Number of protein chains: 4
Amino acid sequence: MIIVMSRRATEPQVQAVVDRVREIGLRPEVSRGEDRSVVGVIGGNAYAYREAFSHLPAIQEIVQITKPFKLASREFQPHNTVVDVAGVPIGGEELVVMAGPCSVEGEEMLLETARFVASQGARILRGGAFKPRTSPYSFQGLGEAGLRMLATAREETGLRVVSEVIAPADVELLVGYVDMLQVGTRNMQNYALLQEVGRTGKPVLLKRGMSSTIEEWLLAAEYVLSQGNRDVVLCERGIRTFEQATRFTLDLNAVPLVRELSHLPVVVDPSQGTGRWSLVKPMSLAAVMAGANGLIVEVHPKPDEALSDGGQSLDFDTFRRLMQDLVRLTEATAGQPA
Amino acid sequence: MIIVMSRRATEPQVQAVVDRVREIGLRPEVSRGEDRSVVGVIGGNAYAYREAFSHLPAIQEIVQITKPFKLASREFQPHNTVVDVAGVPIGGEELVVMAGPCSVEGEEMLLETARFVASQGARILRGGAFKPRTSPYSFQGLGEAGLRMLATAREETGLRVVSEVIAPADVELLVGYVDMLQVGTRNMQNYALLQEVGRTGKPVLLKRGMSSTIEEWLLAAEYVLSQGNRDVVLCERGIRTFEQATRFTLDLNAVPLVRELSHLPVVVDPSQGTGRWSLVKPMSLAAVMAGANGLIVEVHPKPDEALSDGGQSLDFDTFRRLMQDLVRLTEATAGQPA
Amino acid sequence: MIIVMSRRATEPQVQAVVDRVREIGLRPEVSRGEDRSVVGVIGGNAYAYREAFSHLPAIQEIVQITKPFKLASREFQPHNTVVDVAGVPIGGEELVVMAGPCSVEGEEMLLETARFVASQGARILRGGAFKPRTSPYSFQGLGEAGLRMLATAREETGLRVVSEVIAPADVELLVGYVDMLQVGTRNMQNYALLQEVGRTGKPVLLKRGMSSTIEEWLLAAEYVLSQGNRDVVLCERGIRTFEQATRFTLDLNAVPLVRELSHLPVVVDPSQGTGRWSLVKPMSLAAVMAGANGLIVEVHPKPDEALSDGGQSLDFDTFRRLMQDLVRLTEATAGQPA
Amino acid sequence: MIIVMSRRATEPQVQAVVDRVREIGLRPEVSRGEDRSVVGVIGGNAYAYREAFSHLPAIQEIVQITKPFKLASREFQPHNTVVDVAGVPIGGEELVVMAGPCSVEGEEMLLETARFVASQGARILRGGAFKPRTSPYSFQGLGEAGLRMLATAREETGLRVVSEVIAPADVELLVGYVDMLQVGTRNMQNYALLQEVGRTGKPVLLKRGMSSTIEEWLLAAEYVLSQGNRDVVLCERGIRTFEQATRFTLDLNAVPLVRELSHLPVVVDPSQGTGRWSLVKPMSLAAVMAGANGLIVEVHPKPDEALSDGGQSLDFDTFRRLMQDLVRLTEATAGQPA
């Protein structure tokens, strides 16, 4: 942490800062520039003590110089983490496609979708049983009945299953049915939930909060990791910006940047990130070239009968063409830009 | 709901939309402009069916024309709601000030603060016992011990008490200690939590999500209201924008606008909303003139020893001057601009 | 400037940074923390040399520690600047109200408006003759004819006149007609224009760019000031955020913050900042309590016949009530919260 | 345009809206829903008259249903525009790479860069002679001397040349030296400049304003097109969001979406869009898969000696590897996802 004094700071004011640093057991290092003085504060987790300086006079700014996340950082672990989802590795050579309906709406449609996406090369089935909906009057999901349908589909197709959990009390229930727990964008800072999924042995798909910085996202991962669960897959799904022509702004910059900062695998959700099915294919291909380890895509046999998010779901035919293009692309490029 | 056809839509394409409207039991009304056709869709909650049109060809846009919130809307209830917090009315003539430390850090500091803010005219004591912190390594609050200290402070000073709840499982515990349950910005779309607080008889202080639109905020209120709990106080606390000179951008526009759209009372948090104690007084006074029914302000006996958010907390002397200015202002203006 | 090395930086990598600092004539100061080393770079305008380090290995971050604006800063000039607009002082004791139509649409309507706003206490007439419109098909203003009407209105009413200039080539023309040149939000980073207005002796009303940080805004002022023109009035007019319920998000936080950082006066435009006439009065009163030195308000005799921005213009009756409330407020509070 | 009445609108209030529609020569069409009435307004450019309704009582909302851009829209021109930049076509089969230094800093470095990028397959040389810098104390470019160096480099290498123009008065000068005029992000709504470049016969590279919606961007193109210049190339270069880990958020969503809405070619600037050279390669490849017709990339022989933007410039070696990957990618995929 660095404390920048204002240009007009007097010597006693600088000294007061130095004294405070020593009081809290840290080491001060004063640097006197032409313009102003700067006090370096040395010691473990110094930034946690920033409040101790917040009301001292003649301080212009307090600058944090170390990243607040540890277990999630590449400085902590240089090699890539590969998360094992019941035998399907995410973060290795293979591009992993997760696909399925936004919500589980019934057994028949789910099985039909599962069979189809499996036949095209998807490895993991997605489908929401508990849905966090903006309006209390919208369809809220089938709950445990939906989980049972997902389990049936897994049995029949060999696909692994990922589904969202929205309350700490439901974690145990989900663990009995799915291979990976999804924490959605609206719950990325639901710390009670993060700690609960951190206590399980299940891989966690952690979606980025729609208004979360990359640092906050990695700190959310840190909540899970620090409970002992090291199997976190990050998922970029679009951030909220002033642009309303797309539902969100899919931030593909985040993909290569997070791979620099962290060892955790990153996947991309082009369905949520754009909100328009016609943009899903180009943005999927773009995500792969940006360095994504996988994709999570909404697919529905009849998107215009979907109970949620039909407008961003692919129908079977479009999904088939997406998978063909992905195969062509990954063969040609060996999958990764780096 | 209105479905805008593209300029090049053929007659059969328009007809397909009309047929679909009828299929789902709604009433179509076609309007043929010079440029393009538009299909009005008439019937209760038509927008809920928008997915049914999402993959039909030659549709340019689907426009929602009714607000999705009901119980929270002024159309539904024209007169102002006054929320009774154990005898303190929010939403009436009086400007209600809630004050106290960001976190409950110990009994002595809490009592000292409570006595002081009560002596200056505050009516409600704030203080976090369960803290949603961005980093898992930050102070997470004293939990139930903190709640007991709040109860003691209430007993001694007569102040009412508001405190944040961050998990559905804790709601019952909080209900035993506090007069108003706070749902924080990071949990505004934690629907399991909203439903749980909606089932209690306690007033709810619902902070705006830092990236939530006003519509989403009112829909979050709708979650609480639709469970039968009509005592919701909205709290504007700053939104996330590109501007980083302040911690958040306190959106005072939202105050008069929400009062147009809704009958619920609105209070403002200038401490969270700016992140800088030196801005708290001007923004508090501004909030009152914008039409706020109350303020929630962080106060700490020694802000630079605070365990959280010291940089935005007022010390006693500054709080005293704020209260003096508020009294002078409300006397001069009778409190409300309208 | 401070250069933060990565945790894994080797001694030769740190040394390479130190050598580079010396090469470019600045003074390095190395601080070795527990976790990582940090190199302070001392010397005038060090941050301008940051590119010199951008490709050296093992650097984690480069942190700027001095503000890049000088002439605009309160560190440079501690006392408030009062800008004299042909005898009307902005930045002193008096709250200055500027009012008038969005666009000058004709002489009659302009004179009628000017007479009315003068009778209510406004001191400066606003009105656009050159309009920067988002669409090339919208009304673009009356040009010089509009300026002549403004001059006539000034003559008749004694009001001073402010009008927007949108091209460097028009500056000389405007100077012949107006008392203050307005640079609009879309041109805040039109540096050719800023330099041109900086070369005149006219006061400049510098609106904040709708996506400009406070730092960029003060740097835009610096362009004008550094040309020798010290008469800059800053105008907060709303920033672009995700919230679309209001046209922009009026950032009142910026008012007290800019008054801390700078000696220049600050006024607020609640018409542009909200885009809704019903919000203009509460936000005007709020702006005054936040510390604004003045207001600029759109007024139109018949807002629903306006050629631009009628939806955010006050009619005469509403403007009268606003002025009454402002008088009551400034009398009661002596105008300023500080 | 559609006018949504409030639920409590009376019959005379609806009638007042209908009368106003007729007064201004448009055709009303009233639709009475269960909940509220809606008045469709039919006729050319109806939305331009929205102000006429802004102060009528009992209107809830006015909804625009036609896009305000015409010449730029795909509805107007279904086939792709191919812009001919002195023989180099942008918008056709070929992926066009523009490369060069952020600023022209001297003849030697420019020639060295031009020769290198040409040898690797770039077709157009970029380089700023007039630089719009946030601070008046930063390097502002070499002006006409820089343009002469660009012309020399063109002569020697056969590369075409693109350079930014920042003032209407400079357009004629630039036209004498360059093959394509660049309008930068800070000038996207500098309408005097747009009109001036629209009057030339030179192709225009129109960068997206950093806070401009896609609609505003296409309307800026409309300013150029409506002056008779049909050779506009759009350039996505990152938007301003809350995320500060990258300099801007490169919005690749915009690429396929603009190609749906418009017939104009779209290129991407991954240097400006990310602000970090290490992200340029993955984001370039991603941009191609998203459907970009070209790339504009900053390259510098010694990025850490650059006078501007060194941190986002590629050195020669990295640029070579980028071009190799681009060739491999475009061969494998035939360049376009669609």
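**Exercise 1. Determine what share of chain A counts as buried, and describe the chain's overall build.**

*Solution.* The structure is a predicted model.
Step 1: chain A has 338 residues, and 58% of them count as buried. A residue enters that share if 20 or more other C-beta atoms lie within 10 Å of its own C-beta atom.
Step 2: the secondary structure of chain A comprises 10 helices and 14 strands.
Step 3: along the principal axes, the C-alpha atoms of chain A fill a box of roughly 75 × 45 × 35 Å.
Step 4: consider the contacts in chain A between residues at least 6 apart in sequence; 66% of these join residues at least 24 apart.

**Exercise 2. Classify the mutual orientation of helices H9 and H10 of chain C, and identify the residues in contact.**

*Solution.*
Step 1: helix H9 of chain C spans residues 280-290 and helix H10 of chain C spans residues 316-333. Their axes lie 10 Å apart and form an angle of about 25°.
Step 2: angles under 35 degrees count as roughly parallel, and H9(C) and H10(C) are therefore roughly parallel to each other.
Step 3: the crossing of H9(C) past H10(C) is right-handed.
Step 4: H9(C) contributes C:Lys281, C:Ser284, C:Leu285 and C:Val288 to the contact, while H10(C) contributes C:Thr318, C:Leu322, C:Asp325, C:Leu326, C:Leu329 and C:Thr330.
Step 5: sorted by class, the contact of H9(C) with H10(C) has 5 nonpolar, 3 polar and 2 charged residues.

**Exercise 3. Establish the strand order of the open sheet in chain B, and name its edge strands.**

*Solution.*
Step 1: the open sheet has 4 strands in the order E2-E3-E1-E4 of chain B, with antiparallel pairing.
Step 2: strand E2 (27-32) and strand E4 (59-63) of chain B each pair on one side only, and these are the edge strands.
Step 3: neighbouring strands of this sheet are turned by 20° against each other on average, with direction ignored.
Step 4: within chain B, strand E1 (residues 2-5) and strand E3 (residues 37-42) pair in the antiparallel sense over 3 bridges. B:Ile3 stands opposite B:Val39 in E3(B).

**Exercise 4. Describe the contact between chains D and B from the side of chain D.**

*Solution.*
Step 1: chain D gives 24 residues to the contact and chain B gives 23 residues.
Step 2: strands E1 (2-5), E2 (27-32) and E3 (37-42) of chain D each supply at least two residues of the side that touches chain B.
Step 3: E3(D) gives the most to this side, with 3 residues.
Step 4: the residues on the side of chain D that touches chain B divide into 7 nonpolar, 9 polar and 8 charged.

Terms used:
Residues are numbered from 1 along each chain as its sequence is written. Chains are lettered from A and ligands numbered from 1 in the order in which they are written. This is a predicted model: local features need pLDDT of at least 70, side-chain atom pairs count only at pLDDT 80 or more; totals for chains, interfaces and linings use all residues. Axes are lines fitted to C-alpha atoms, for helices over the stretch in contact, and angles run from 0 to 180 degrees between N-to-C directions. Angles under 35 degrees count as roughly parallel, over 145 as roughly antiparallel, 65 to 115 as roughly perpendicular and the rest as oblique. A crossing is left-handed if the near helix is turned anticlockwise from the far one by less than a right angle, and right-handed if clockwise. Two residues are in contact if their C-beta atoms, placed from the backbone, lie within 7 Å. Ala, Val, Leu, Ile, Met, Phe, Trp, Tyr, Cys and Pro count as nonpolar, Asp, Glu, Lys and Arg as charged, and the others, Gly among them, as polar. Two strands pair if DSSP finds at least two bridges between them. A residue is buried if 20 or more other C-beta atoms lie within 10 Å of its own, exposed if 12 or fewer, and partly exposed in between; C-beta atoms are placed from the backbone.
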